[in-house]
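Colleague: I would like a close look at one part of this model, the place where a pair of helices meets a small sheet. Please take that part slowly, and then say what else can be set beside it.

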Amino acid sequence: MIKIIGGKDTIHKTVINNEVSAQKVYACWLDTIYWISSRIKYRLLDVAGSTQSIYQMAQEQVEAVMGKRGCERFVQHREHYKPSRVWNYLAQSGISYTYCQEPDFPQKLARIPDPPFGIFYKGELPEENVPAVAMIGARKCSTYGRCMAEQFAAAFAAHEVNIISGMAMGIDGISQAAALKAGGRSYAVLGCGVDIVYPRTNETLYQQLAAQGGLLSEYPPQMAPRSSMFPPRNRLISALSDVVLVVEACEKSGTLITVDMALEQGREVYAIPGRCTDSLSMGCNRLLRQGAVVASAPEDIIEDMGWGQCHTRKYSGKTSSIRLLETLSPTSQEVYAVLDVLPASQDGIVTKLREKNSTCTIPQIYQGLVELELKGLVMSQNGQYRIIMP
Amino acid sequence: MYSRVITGAVSGIDSILATVEVDASKGMPGFEMVGQLSNEVREAKERVRVALKNASVEIPPMRITVSISPAEMRKESASYDLPIAVGILVSLGLIPREGIQDTLILGELGLDGEVYSVRGVLPIVQKAKQERVRRCILPLANVREGAVIGGIDIIGVGNLSDTIAYLREVEERKAQKIAPAERTLITHLDEMDMDVDFAEINGQEAVKRAVEVAAAGFHHILMIGPPGSGKTMIAKRIPAILPDLSMEESLEVSTIYSVAGQLDDKRALITRRPFLDPHHTISEQALAGGGRIPKPGVISLAHRGILFMDELPEFRRNTLEILRQPLEDKRIHIARTYGSFIYPADFMLVAAMNPCPCGYYPDRSRCNCSDAEIKKYLSKISGPILDRIDVVTEAPRVDIHQLSATMQNECSADIKARVMEARERQKYRYKNTAYRFNAEIGSGDIRTYCKLGTGEQKMMEEVFTMMNLSARAYHKVIKVARTIADLEGKDDICTEHISEAVCYRRNDKDYWG
């Protein structure tokens, strides 16, 4: 339930100060009734004509739309919570709101089969004409998934493509964090109230998103996450984006719900291929078999969508790193040659070098690794080393 | 008549010479014992009486008083039985007074007069030699242990009758009766030491190298890896690459084992580095030592050797925290009801653990642990413990081809030769100091012993910034680099040594952030 702070009826003052139409305040009030589905809200709007009239609707009319039980709850709610209190609470908590009749309501959201009635948000709403990619995937991701998510997100950020995701653990959070780190903008659609940080471990990301993008939700503030709330929110993730990119997914994954929604909404679906033996790539590989587009590099998507020219960037980066490599010791070059974007353990690197009949001793290999790391060509994660993509 | 017999007692790891005084005089017949005695010493009364009877010695009805001094020390152990019996016999005039001159007597008695083995013989004999005692009469089972010291006659007795016969003999003919035990250095071979070799381990080259470095500088080491990656196999082989114990060290270790009652006829002297692998359910007492009658714990038994803790996070937190003091001070201080004791505990900690509860992280195709679970698992190892571990290495899963392949791997002897050389260099460097190994250098002396050139200094700065190291970690990297330089036979630490040391720090930072 919504807790409302501050009591006085100050609706007019608020309206004048923030130039907010009374209609928006009433819409906001209506949207905090979480148990009314957005479809019914739209029907109420049809019947009443404006949101203010919904608030003032006669019982019989309400009953005609929502049935007897629904009507009782509606009337009860109307007696307990005044629109002004709801609005003041939002203003105090730094939460903004917009709904379907406002000009700033994202058109991408309005045009889907089951549009939300309104959106609560922190930070900003995504800009209408900026291209956006939804990056989604497994919560328990592999290191491969992590690397891919970071690499793609950073590339999109560099091309000023927004990243839309769900701020969940794993791929979602990693992609968004990587995009923000690269200086891009990212928007999270939450499956709970926008003032709730879920999962808690993403607290830092949450703060960053509020500053460098936005947090969106169709659920009212203070609403705790529930498993049933996530599938509907997935439709908003795909709705807000032009392309849905599946980074890593198991055979039976919640990610695939988003893909279904995306197809229904007519969004492009891309998937990053994986090895056919990896259980975490099963979902992606299956999508590819069903007709999703192979995303082998972020540049592919950018070019396909006509968002920019990537040729110059792609190659200039590589040559500079090759030039840097040539200044390194022979051992470092040898070590670099066996490294991959897939992380390898120290021992794995040794084994690979041995397979190539290299005569490097272990101390030499370590020296090479540290040199590469200091030069910023290689990074280490969980004791495993991988190449940083130029 | 009054008599005085020298015996010995163990207090903590030290021993003292005690005196058993016996007075047999006319009066109301009785047997009194004084001198802060525990139950088992009190019970000596009955054992001695019956044992004497069974050795065909008739005790006349007299008032017998036994006093064991020093009185302020609590006496616990049955080793006073034999000295009490001998004391009574001297008081009764059945053994000549000269027979027990400068003679230390130890032993527990059975009712049939048999002499049983006792614990703590080694330190007691050592003490006796210092106090210029000429001869020790010990239970047969402890003879080899006592004979290790040398320069003192060790007489082994099997039963009370033999003892009486020996003591009654005139000095010149005593040696014919029972010859003093010869000082033979019995090499005790642990069964596990000899039949395992590093040559049997395929792959895991990086871990093997890390272990070599750790062994050379006596650095504590932590191996992280999935189940079945060979962590335990490698740990079991570490004793084989450590230098043999010197005689001095061997006596030191044997003393602890003697006090713990773990030396016997078959194993009179510990000549191999101890290897102890306590199960993770071990209690705090068993690990640290103590108990009502204080005994050294597992960490003290691992003195100068290896304490292997497999599945480190599975140990109870409290148990792990006990390691803090020993890891820092190389000894443990235990205070109990009957006094406080200091046991040495200078061991090399070899720890092994899985990276997450299921063991397969970061292999996400097998690991299904959530990030929170992994974090919780890792957090069982507290920062202070982790801080004291110099080398952290990762043991990845070995693939089947490697396991089944017949490979030419380096054998333990070759690795040991390199370790020995590194140790020699350390011995030379620290010859006038209390340090023995690189791992022990205090932060104040790092500048003295681990000089860095300008290039190396610059590299340390770069690494320091890149990895965001703490001051302690910084020192550890330098210490490990020193050991690596020693292994390579270099006097100066070079960038390559620092690089390698950094890689051993890397893992710990990556897991614990």
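Modeller: What follows starts with the helix pair and its sheet in chain A, then turns to other places in chain A and to chain B. The model is a predicted one.

Two packed helices are described by the angle between their axes and the distance between the axes. For helix α17 (residues 346-355) and helix α18 (residues 362-374) of chain A, the angle is about 115° and the axes are 11 Å apart. That angle makes α17(A) roughly perpendicular to α18(A). The crossing of α17(A) past α18(A) is right-handed. On the α17(A) side the contact is made by A:Gln346, A:Ile349, A:Val350, A:Leu353 and A:Arg354, and on the α18(A) side by A:Ile362, A:Ile365, A:Tyr366 and A:Leu369. By character, the residues of this contact are seven nonpolar, one polar and one charged. An α-helix has 3.6 residues a turn, so residues three or four places apart point the same way.

The loop between α17 and α18 of chain A holds A:Asn357. Phi of A:Asn357 is near 60°, which is positive although the residue is not glycine. Most residues other than glycine have a negative phi, and most peptide bonds are trans. With a relative accessible area of 66%, A:Asn357 is exposed.

The sheet comes next. It is open and has three strands of chain A in the order β10-β12-β11, with antiparallel pairing. The edges are taken by β10 (344-345) and β11 (378-381) of chain A; each has a single partner strand, so one side of each has no neighbour in the sheet. Between β11(A) and strand β12 (residues 384-387) of chain A there are four bridges, in the antiparallel sense. Within this pairing, A:Gln384 in β12(A) is the residue opposite A:Gln381. Helix α18(A) packs on the sheet and touches β11 and β12 of chain A, its direction making about 105° with that of β11(A). α18(A) therefore has contacts both with α17(A) and with the sheet.

Elsewhere in chain A, helix α11 (residues 230-240) has eight of its 11 residues buried, so it is largely enclosed by the rest of the structure. The buried residues of α11(A) are A:Arg233, A:Asn234, A:Arg235, A:Leu236, A:Ile237, A:Ser238, A:Ala239 and A:Leu240.

A:Trp307 sits in the loop between α14 (298-304) and α15 (311-326) of chain A. Beyond its neighbours within four places in sequence, A:Trp307 has contacts that include A:Pro131, A:Ala132, A:Val133, A:Val161 and A:Asp242. The C-alpha atoms of A:Trp307 and A:Val130 are 9.5 Å apart, with their positions 177 residues apart in sequence.

Chain A also has a cis peptide bond, between A:Tyr198 and A:Pro199, with omega about -5°. A:Pro199 belongs to the loop between β5 (186-189) and α10 (203-211) of chain A.

Chain B has a cis bond as well, from B:Ser69 to B:Pro70, with omega near 0°. B:Pro70 is in the loop between β4 (63-69) and α3 (81-91) of chain B. In the loop between α2 (44-54) and β4 of chain B lies B:Ser56. Phi of B:Ser56 is positive, near 60°, in a residue other than glycine. B:Ser56 is exposed, at 69% relative accessibility.

As a whole, chain B has 23 helices and 18 strands, and 56% of its 513 residues are buried. Of the contacts in chain B between residues at least 6 apart in sequence, 74% join residues at least 24 apart.

One covered element of chain B is strand β8 (residues 135-139), with five of its five residues buried. Strand β5 (residues 103-105) of chain B runs parallel to β8(B) and is joined to it by three bridges; B:Leu104 has B:Cys136 as its bridge partner in β8(B). Five bridges, also in the parallel sense, pair β8(B) with strand β9 (residues 153-157) of chain B, where B:Asp153 stands opposite B:Arg135.

Another covered position is B:Thr393, in strand β18 (residues 391-394) of chain B. B:Thr393 is buried, with a relative accessible area of 0%. Its contacts beyond four places in sequence include B:Ala206, B:Val207, B:Ala210, B:Ile221 and B:Asn507.

Notes:
Residues numbered from 1 in each chain as written. Chains lettered and ligands numbered in written order. Predicted model: local features only at pLDDT ≥ 70, side-chain atom pairs only at ≥ 80, totals over all residues. Heavy atoms only, no water. Axes fitted to C-alpha atoms, helices over the stretch in contact; angles between N-to-C directions. Helix = DSSP H or I, 4+ residues; strand = E, 2+ residues; numbered from the N terminus. Parallel < 35°, antiparallel > 145°, perpendicular 65-115°, else oblique. Left-handed = near helix turned anticlockwise from the far one by under 90°. Contact = heavy atoms within 4.5 Å. Nonpolar A, V, L, I, M, F, W, Y, C, P; charged D, E, K, R; others polar. Pairing = 2+ DSSP bridges. Buried < 20%, exposed > 50% of the residue type's maximum accessible area, 1.4 Å probe, protein only.
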